[in-house]
Amino acid sequence: MTAFSTTVDLGTMVSLCKRRGFIFQSSEIYGGLASTWDYGPLGVELKNNVKNAWWKAMVWGRADMVGLDAAILMHTDVWKASGHAERFNDPLVECKECHSRFRADELDEQICSNCGGELSEPREFNQMLQTRLGPVQDDTSLTYLRPETAQGIFVNFGNVLTATRRKLPFGIAQIGKSFRNEITTGSFTFRTREFEIMELEYFVRPGEDEGWHERWVKDCMAWYTGLGMNPEHLQLRDHDPKELAHYAKATTDIEYQFPWGWGEMQGIANRTDFDLKAHSEASGESLTFFDDDAKEHITPYVIEPSAGVDRTVLAFLVDAYTEEETISANGKEETRVLLKLHPELAPIKVAILPLSRNEKLAPLAKKIHQSVQSSGVMGGLVQYDDAQSIGRRYRRQDEVGTPLCVTVDFDSLDDDAVTIRDRDTMAQERVNIDDLVDELKKRLIG
Ligand code: GAP
């Protein structure tokens with residue numbers, strides 16, 4: 001058995017995602033809505049598992065963190081104070097012939113790639129997505145869908161401090177939808193107009209910010225590799241001063257080697273005291289921390305690790321994709337496709353497979369399915385699958401990353417034992433049905 005391919009082309013990944021129910025084009029039956037994607041039955045499990053793993057590590061796994069779930073809609077003054085209404089821009093050029101628009105910073109050549117026409121000078125294009133609230137459609141009803149979740153954290157800084165009595169350093173984490181009117185989209189779920197962010201604001205004493213920035217870069221890297229991502233597919237890139245966001249003193253990106261090249265998966269920014277000071281000034285509310293030691297109010301600095309959920313999901317899928325040359329049950333050479341997803345991320349944790357649809361096997365297989373499922377220890381889907389040959393079912397489960405299959409065969413009726421098959425090694429081991437739940441738990445959770 002040889003594993004010969006770990007870098008998948010994007011077309012293969014898009015096709016697998018559709019075929020197996022991970023990701024579908026939005027509004028497909030109407031011709032689709034550009035760069036908008038829906039997560040299918042397995043995609044929603046994978047995405048939830050990624051978000052839960054992040055929450056578990058960043059919030060539950062630390063003593064210095066609390067969570068928040070702020071609204072997507074916020075007062076328009078928030079976006080004025082944060083600088084987004086005026087400065088959340090991308091440089092844009094427009095073709096003078098066909099009026100196609102392109103990001104000036106992503107242009108390979110100075111002519112239109114659509115029609116060869118002449119391009120305009122770059123101009124700033126605001127990325128905030130607008131909407132209107134209430135029954136009257138006038139200027140007062142105009143508001144924005146948030147382009148980042150961070151501002152919900154900054155404006156709640158005082159509320160969280162009062163409610164939790166935290167001391168510096170401490171952080172507030174949040175996962176939620178964000179919207180940007182991107183000019184160029186594409187590369188599957190990499191750049192879309194609606195996406196999810198997992199981010200946290202970590203408040204520290206001024207002067208301690210640079211040390212914390214370095215620590216967060218290390219901790220974030222360790223999160224990806226701890227969930228099985230190949231370190232060789234990850235790299236760090238510091239922002240050039242010219243590309244820094246309007247609020248940042250320094251930013252380090254964690255980039256993943258996507259099928260088309262390196263791309264940002266997460267940014268870890270030093271936002272200084274920019275946001276808290278801006279909101280204090282604009283709202284008139286003090287957003288400071290009383291330092292008991294120094295006996296004075298200080299405005300904390302902020303380190304912000306901010307990861308795109310959709311990009312992270314795509315990176316885990318690409319990273320897990322493996323092809324192997326193997327010999328099938330009937331002795332033929334074949335290519336086995338598998339997703340070597342970490343068990344914590346795998347959408348289906350265990351598949352229960354009766355050897356065939358023979359009516360003698362179904363009652364025992366269903367009973368086993370019921371007992372594994374209701375044990376609740378697998379932390380995710382337990383699937384019952386009896387359609388098609390056992391070989392095909394193994395391949396199907398391999399292709400969606402199911403770490404363990406349990407096969408119920410005719411011997412099981414007499415010896416009260418079943419076979420556990422491991423996705424990565426294909427090794428099979430017979431275990432007593434009474435020990436099955438413990439055995440599965442040991443292999444999945446440790
Ligand atoms: N609060 C900081 C912030 O929003 P960002 O680098 O602009 O920083 C955070 O966005 C993360 O969100 C990025 O690292 C990226 O993974 C993801 N992201 C940004 N724009 C995106 C888009 N158009 N589509 C999908 N994900 C996107």
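## Helix H1 and the chain as a whole

Gly-11 is found in helix H1, which covers residues 10-19, and in this predicted model the residue counts as partly exposed, because its relative accessibility is 44% and the partly exposed class lies between the limits of under 20% for buried and over 50% for exposed. Along the chain Gly-11 and Ala-278 are 267 residues apart, and in space their C-alpha atoms are separated by 45 Å.

That separation can be set beside the dimensions of the protein chain, whose C-alpha atoms fill a box of roughly 75 × 65 × 50 Å when this is taken along the principal axes. The secondary structure of the chain comes to 13 helices and 24 strands, and 49% of its 446 residues count as buried.

## Strand E10 and its partners

Strand E10 runs through residues 170-179 and is mostly covered, since 9 of its 10 residues are buried. In a regular strand, side chains alternate between the two faces of the sheet.

Two strands that pair with E10 can be described in turn. Strand E4, made of residues 65-67, pairs with E10 in the parallel sense over 3 bridges, and here Met-65 stands opposite Gly-171 of E10. Strand E11, which holds residues 194-204, runs antiparallel to E10 and is joined to it by 10 bridges; within this pairing, Lys-177 has Glu-196 in E11 as its bridge partner.

## The surroundings of the ligand

Which residues come nearest to the ligand? There are 20 residues around the ligand, and of these Glu-148, Glu-182, Thr-192, Glu-199 and Glu-264 come nearest.

Several contacts can be followed atom by atom. A nitrogen atom of the ligand lies 2.7 Å from an N or O atom in the side chain of Glu-182, while a polar side-chain atom of Arg-180 is 2.8 Å from an oxygen atom of the ligand. Met-265 takes part through its backbone, where an N or O atom lies 2.8 Å from an oxygen atom of the ligand. Taken alone, the ligand exposes 550 Å², and the protein buries 91% of that area. The elements that give two or more residues to the shell around the ligand are E11, strand E14 (261-272) and strand E17 (301-308), and E14 gives the most, with 5 residues.

## Helix H11

How many of the 10 residues of helix H11 are buried? The helix, which runs through residues 390-399, is mostly covered, with 7 residues buried. These buried residues are Ile-390, Arg-393, Tyr-394, Arg-396, Gln-397, Asp-398 and Glu-399, a list in which charged side chains such as those of Arg-393 and Glu-399 appear.

When reading such a list, it helps to recall that an α-helix has 3.6 residues a turn, so residues three or four places apart point the same way. Just after H11, Gly-401 takes a positive phi of about 85°.

## A nonpolar patch at the surface

Leu-355, Phe-410 and Leu-413 together make a nonpolar surface patch of about 230 Å². Leu-413 has its place in helix H12, which covers residues 412-415. Why can Leu-413 be counted in a patch of this kind? Leu-413 is partly exposed, with a relative accessible area of 35%, and it therefore meets the requirement that residues in a patch have over 30% relative accessible area.

Conventions. Residues numbered from 1 in each chain as written. Predicted model: local features only at pLDDT ≥ 70, side-chain atom pairs only at ≥ 80, totals over all residues. Heavy atoms only, no water. Patch = residues over 30% accessible without salt bridge, like charges linked within 9 Å, V, L, I, M, F, W, Y side chains within 5 Å. Areas by Shrake-Rupley, 256 points an atom, 1.4 Å probe, with all protein chains shown as cover. Salt bridge = Lys/Arg side-chain N within 4 Å of Asp/Glu carboxyl O. Helix = DSSP H or I, 4+ residues; strand = E, 2+ residues; numbered from the N terminus. Buried < 20%, exposed > 50% of the residue type's maximum accessible area, 1.4 Å probe, protein only. Pairing = 2+ DSSP bridges. Near = heavy atom within 4 Å. Polar contact = N/O pair within 3.5 Å; in protein donor to acceptor, adjacent residues only side chain to side chain.
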